[in-house]
Each structure stands twice: as structure tokens, then as C-alpha cells.
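Biologist: Could you walk me through this protein step by step? I am new to reading structures, so please explain the terms as we meet them.

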Amino acid sequence: MSQVTERALIGWKAIAEMFGVTERTIKARRQEFLESGVIFYMNHGRPPRKRVCAFPSLLMRWTVLKGSNGKPI
């Protein structure tokens with residue numbers, strides 16, 4: 001039996017590319033993403049730096065829920 005694994009998007013740029021918007025637009029929603037639990041921070045690279053990360057499936061679910069409430073995304 002095979003398991004499907006999902007890779008996290010690392011960095012604001014990767015998250016912005018998924019939505020087809022600029023990093024600035026995504027960063028403006030930082031607090032909203034954090035409050036909804038869609039993004040998280042982890043240490044990445046050498047030397048370790050705190051980087052923003054998100055799973056594409058959670059971002060898409062958030063987008064659908066946000067849109068279904070009639071709120072602009």
C-alpha cells in the first residue's frame with residue numbers, strides 16, 4: 001500500500017506563487033493565516049532560520065472556506 005505524502009511550501013514566495021499573487025499581498029494576510037492555523041514556522045537551512053511554511057491542501061481548504069463565507073480572498 002502506498003502512502004501519499006505532501007510537501008510543505010517553504011517561504012512567502014512559494015506560497016504567493018501558489019495563489020498567483022505577489023509576496024506583499026500574501027504577507028498582508030499573515031495574521032489571518034496564523035489565526036486560522038494555515039501557516040506555521042520552522043527552522044530551515046544552515047544556519048537554521050525561522051521560515052514560514054504551509055501545506056498546499058490546507059491553503060486550498062482555507063480558500064474554499066473563505067470564499068464560501070462570501071468574504072474576499
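Modeller: What follows is a set of short questions and answers about this model.

Modeller: This is a predicted model, in which local features need pLDDT of at least 70, side-chain atom pairs count only at pLDDT 80 or more, and totals for chains, interfaces and linings use all residues. Residues are numbered from 1 along each chain as its sequence is written, and side-chain values use heavy atoms, with hydrogens and water left out.

Biologist: In what order do the elements of the protein run from the N terminus on?

Modeller: Let us begin with what counts as an element: helices (H or I, at least four residues) and strands (E, at least two) are DSSP runs, numbered from the N terminus. The protein has four helices and three strands. Read from the N terminus on, the order is β-α-α-α-β-β-α.

Biologist: In what order do the three strands lie in the open sheet?

Modeller: In general, strands of a sheet pair through backbone hydrogen bonds, either parallel or antiparallel. Here the pairing is antiparallel, and two strands pair if DSSP finds at least two bridges between them. Strand E1 (9-10) and strand E2 (39-44) are the edge strands, each pairing on one side only. The order is therefore E1-E3-E2.

Biologist: Which residue in E3 is the bridge partner of Phe-40?

Modeller: E2 and strand E3 (residues 49-54) pair in the antiparallel sense over six bridges. Among them, Tyr-41 has Val-52 as its partner, and His-44 has Arg-49. For Phe-40, the bridge partner in E3 is Cys-53.

Biologist: And which residue in E3 does Ile-10 stand opposite?

Modeller: For this one we turn to E1 and E3, which pair in the antiparallel sense over two bridges. Ile-10 stands opposite a residue of E3 that we have just met, Cys-53.

Biologist: Which residue in the turn of the hairpin of E2 and E3 has a positive phi?

Modeller: Most residues other than glycine have a negative phi, and most peptide bonds are trans. The hairpin formed by E2 and E3 has four residues between the strands. A positive phi of about 90° is found in the turn at Gly-45.

Biologist: Is the peptide bond from Arg-46 to Pro-47 cis or trans?

Modeller: Pro-47 is found in the loop between E2 and E3. The peptide bond that leads to Pro-47 from Arg-46 has omega near -5°, and is cis.

Biologist: Are helix H1 and helix H4 parallel, perpendicular or oblique?

Modeller: Two packed helices are described by the angle between their axes and the distance between the axes. Axes are lines fitted to C-alpha atoms, for helices over the stretch in contact, and angles run from 0 to 180 degrees between N-to-C directions. The axes of H1 (residues 12-19) and H4 (residues 56-68) come within 11 Å and cross at roughly 50°. Angles under 35 degrees count as roughly parallel, over 145 as roughly antiparallel, 65 to 115 as roughly perpendicular and the rest as oblique, so H1 to H4 is oblique.

Biologist: Which residues in H4 do Ile-15, Met-18 and Phe-19 of H1 meet?

Modeller: Contact means heavy atoms within 4.5 Å. By that rule, the three residues of H1 meet Pro-56, Leu-59, Met-60 and Thr-63 in H4.

Biologist: Is Ala-16 buried or exposed?

Modeller: Ala-16 has its place in helix H1, where it touches Val-21, Thr-22, Glu-23 and Ile-26, not counting residues up to four places away in sequence. Buried means under 20% relative accessible area, exposed over 50%, partly exposed in between (1.4 Å probe, protein chains only). With a relative accessible area of 2%, Ala-16 is buried.

Biologist: Which residues does Leu-34 touch, not counting residues up to four places away in sequence?

Modeller: Leu-34 lies in helix H3. At 35% relative accessibility, Leu-34 counts as partly exposed. The residues that Leu-34 touches, with that same limit on sequence neighbours, are Ile-39 and Tyr-41.

Biologist: How far apart in space are Gly-37 and Leu-59, C-alpha to C-alpha?

Modeller: Gly-37 lies in the loop between helix H3 (30-36) and E2, and counts as partly exposed at 45% relative accessibility. Gly-37 and Leu-59 are 22 residues apart in sequence, and their C-alpha separation in space is 9.8 Å.
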